[in-house]
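Biologist: Please put the model on screen. I will then ask about its parts one at a time.

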Amino acid sequence: MRSEIRGLAALLIVSAGLAAGCTSTTGGAASPAPSAPASTSAPAADPDVPKVTQPALDAGKYATDTCGLLPADVLASLRYTDAGKYQAGGDTPLTAAGPSCAWKISGEGIGLQVILGTGNRDHGAGGLAGTYAAYREKKFVRFLEQAPDVEGYPAVYADIQDERTRGTCTLVVGIADDLSFSVQAQGYQGQDDSCAAASQAASGVVKTLKGA
């Protein structure tokens, strides 16, 4: 069981191959993905991409307070008692997708991470459309499966490969046509356990954004 949660940026990587991902992990350390020429053009319309039919959610104020996306009661129910670790968005391989926050349960190798995909949006490849575009390229996202909606907002499971049976579940939720966030639960017992934690956390994020 890995003791550190790996980077989620590969799940939000822009279709042009902006360096926002990782190609492999060893003991929890992420290695950066190679980048391709940057582009600011939006992904072409894809009929397979689930549309956001609920009101678009404004996540702007959480760009500098990403840890505030998860309510205290949700963190407590998932047994996270230590403060989250905030990472600002930037131009490195593991920050280009947007700002993030990560939590871990000390001594158990269990972790949770949330990435707000504002970086991808700013580069014209945000929202679930960007995730689908990356999946079409099969460079950084090689697994994608539609997931149950989260509080009425469309979601997909996506990853470099499907690791749900190994206790790692990543959920990408579209909160606007050009913006999504990702939640990854890692180090859990299996698919049911990890995806339940990711879904619970994602629900908490949406409720926060709704102001509930």
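Biologist: How many aromatic pairs does a search of the whole structure find?

Modeller: This is a predicted model, in which local features need pLDDT of at least 70 and side-chain atom pairs count only at pLDDT 80 or more, while totals for chains, interfaces and linings use all residues. Residues are numbered from 1 along each chain as its sequence is written, and side-chain values use heavy atoms, with hydrogens and water left out. Rings of Phe, Tyr and Trp (its six-membered ring) pair if their centres lie within 6.5 Å, as stacked with planes under 30 degrees apart, edge-to-face over 60 and tilted for the rest. By that test, the number of aromatic pairs in the whole structure is 0.

Biologist: In what order do the helices and strands of the chain run?

Modeller: Helices (H or I, at least four residues) and strands (E, at least two) are DSSP runs, numbered from the N terminus. The chain has 4 helices and 9 strands. From the N terminus on, they run β-β-α-β-β-β-α-α-β-β-β-β-α.

Biologist: What share of the chain counts as buried?

Modeller: Buried means under 20% relative accessible area, exposed over 50%, and partly exposed in between (1.4 Å probe, protein chains only). The chain has 212 residues, and the share of them that counts as buried is 55%.

Biologist: How many disulfides are there in the whole structure, and which pattern do they follow?

Modeller: A disulfide is a pair of cysteine sulfur atoms within 2.5 Å. The search of the whole structure returns 2 of them. With bonded cysteines counted along the chain, the pattern is 1-2, 3-4.

Biologist: Which parts does the disulfide of C67 and C101 tie together, and how many residues apart are they in sequence?

Modeller: The S to S distance between C67 and C101 is 2.0 Å, and the torsion about the S-S bond is about 90°, so this disulfide is right-handed. C101 is buried, at a relative accessible area of 0%. C67 sits in the loop between β2 (29-32) and α1 (72-77), and C101 in strand β4 (residues 100-105), so the separation in sequence of the parts tied together is 34 residues.

Biologist: Which elements hold C169 and C195?

Modeller: The S to S distance of the disulfide between C169 and C195 is 2.2 Å. The link is right-handed, with 95° about the S-S bond, and both cysteines are buried. The pair ties together parts that are 26 residues apart in sequence because C169 lies in strand β8 (residues 169-176) and C195 in helix α4 (residues 191-210).

Biologist: Which element supplies the largest share of the largest nonpolar core?

Modeller: A nonpolar core is a set of buried Ala, Val, Leu, Ile, Met, Phe, Trp, Tyr and Cys residues joined through side-chain atoms within 4.5 Å. The largest has 42 residues, and L70, Y80, W103, L112, L171, V173 and F181 touch the most other members. At least two residues each come from α1, β4, β5 (110-116), β6 (143-150), β7 (153-159), β8, β9 and α4. The largest share, 8 residues, is supplied by α4.

Biologist: Is α3 largely enclosed or not, and which elements do its buried residues pack against?

Modeller: Of the 11 residues of helix α3 (residues 127-137), 8 are buried, so the helix is largely enclosed by the rest of the structure. Those buried are G127, L128, G130, T131, Y132, A133, A134 and Y135. They pack, with contact meaning heavy atoms within 4.5 Å, against β6, β7, β8 and β9.

Biologist: Where is K138 in the chain, and which ring does K138 lie over?

Modeller: K138 is in the loop between α3 and β6, and has a positive phi of about 60° although it is not a glycine. Its relative accessible area of 40% makes K138 partly exposed. A charge sits over a ring if NZ of Lys or CZ of Arg is within 6 Å of the ring centre and within 35 degrees of the ring normal. K138 lies, at 3.7 Å from the ring centre, over the face of Y135.

Biologist: Which residue lies over the face of Y157?

Modeller: The distance from the ring centre of Y157 is 5.0 Å. The residue over this face is R164.

Biologist: Which residue shares a side-chain polar contact with Q184?

Modeller: Q184 belongs to strand β9 (residues 179-186) and is buried, at 0% relative accessibility. A polar contact is a pair of N or O atoms within 3.5 Å; within protein, one must be able to donate a hydrogen and the other to accept it, and residues adjacent in sequence count only if both atoms are side-chain atoms. The side chain of Q184 makes such a contact, of 3.1 Å, with that of T170.
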